[in-house]
Amino acid sequence: MNKEIEQELNKQLNRELYSAYLYLSMAAYFESINLKGFAHWLKVQAKEELGHAMKFFEFINNRNGKVVLETIERPKTDWSSPQEAFKDVYEHEQKITSYIHKLLELARQKNDYPTENFLAWFVAEQVEEEAQSYEIYQKLQVCEKSVGGLFNLDHHLGKRE
Ligand SMILES: [Fe+2]
Ligand SMILES: [Fe+2]
């Protein structure tokens, strides 16, 4: 596999691990303010991010590349409100999307069709992740002044499978 692509795939593996770390940290914040539904949703999301990291892990190995695990950045530990937290989720997902797109551009530049094909799944997944997080962020804006609305949303998010 092309060395530059191998390096970039490893960087993305690290970013997926960081995503899991960030959402787990956010889950801890929601636990601390007793919004257990939000915490549950974020714990499920953290597991999904670990799954994404493992897809990169397996793909790098399958291409006879070498996985190199780097330090995972320390995530933020506190947010001023649920709304602020989900603004961060949405913005983080947008950033991840742009990294996936850059990786795809690189794969195309190098005529690396397997990597291009591998990344197609992530392109679709990011559309989902942005839509999901934006929806929750918007709902939080609507129920900013309604405690009932917030608890309702918490209950709803607690049902995520
Ligand atoms: Fe991800
Ligand atoms: Fe994500």
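**Two iron ions in a predicted model**

Biologist: Which protein donors hold the iron ion (ligand 1)?
Modeller: This is a predicted model. The donor atoms lie 2.1 Å from the iron ion (ligand 1). Their residues are spaced E-x32-E-x2-H in sequence. The donors are E16 (OE), E49 (OE) and H52 (ND1).

Biologist: Where do E49 and H52 lie?
Modeller: E49 is buried, and H52 is buried too. The two sit three residues apart, about one turn of the helix. That helix is helix 2 (residues 36-62).

Biologist: Which residue bridges the iron ion (ligand 1) and the iron ion (ligand 2)?
Modeller: The two ions lie 3.3 Å apart. E49 is among the donors of the iron ion (ligand 1). The donors of the iron ion (ligand 2) also include this residue. The bridge is E49.

Biologist: What is the site of the iron ion (ligand 2) like, tetrahedral or irregular?
Modeller: Its protein donors are E49 (OE), E93 (OE), E93 (OE) and E129 (OE), at 1.8 to 2.6 Å. A tetrahedral site needs all angles between 85 and 135 degrees. Here the angles among the four donor atoms run from 53 to 151°. The site is therefore irregular.

Biologist: Why does E93 count as buried?
Modeller: Buried means under 20% relative accessible area. E93 falls under that cut-off because its relative accessibility is 2%.

Biologist: E129 is another donor of the iron ion (ligand 2). Is E129 buried or exposed?
Modeller: The cut-off for buried is under 20% relative accessible area. E129 has 3% relative accessibility, so E129 counts as buried.

Methods. Residues are numbered from 1 along each chain as its sequence is written. Chains are lettered from A and ligands numbered from 1 in the order in which they are written. This is a predicted model: local features need pLDDT of at least 70, side-chain atom pairs count only at pLDDT 80 or more; totals for chains, interfaces and linings use all residues. Side-chain values use heavy atoms; hydrogens and water are left out. Donors are N, O and S atoms within 2.8 Å of the metal (3.2 Å for Na, K and Ca); water is not among the atoms, so sites may look incomplete. Four donors count as tetrahedral if all angles lie between 85 and 135 degrees; four count as square planar and six as octahedral if opposite donors are over 155 degrees apart and all others between 65 and 115; anything else is irregular. Buried means under 20% relative accessible area, exposed over 50%, partly exposed in between (1.4 Å probe, protein chains only). Helices (H or I, at least four residues) and strands (E, at least two) are DSSP runs, numbered from the N terminus.
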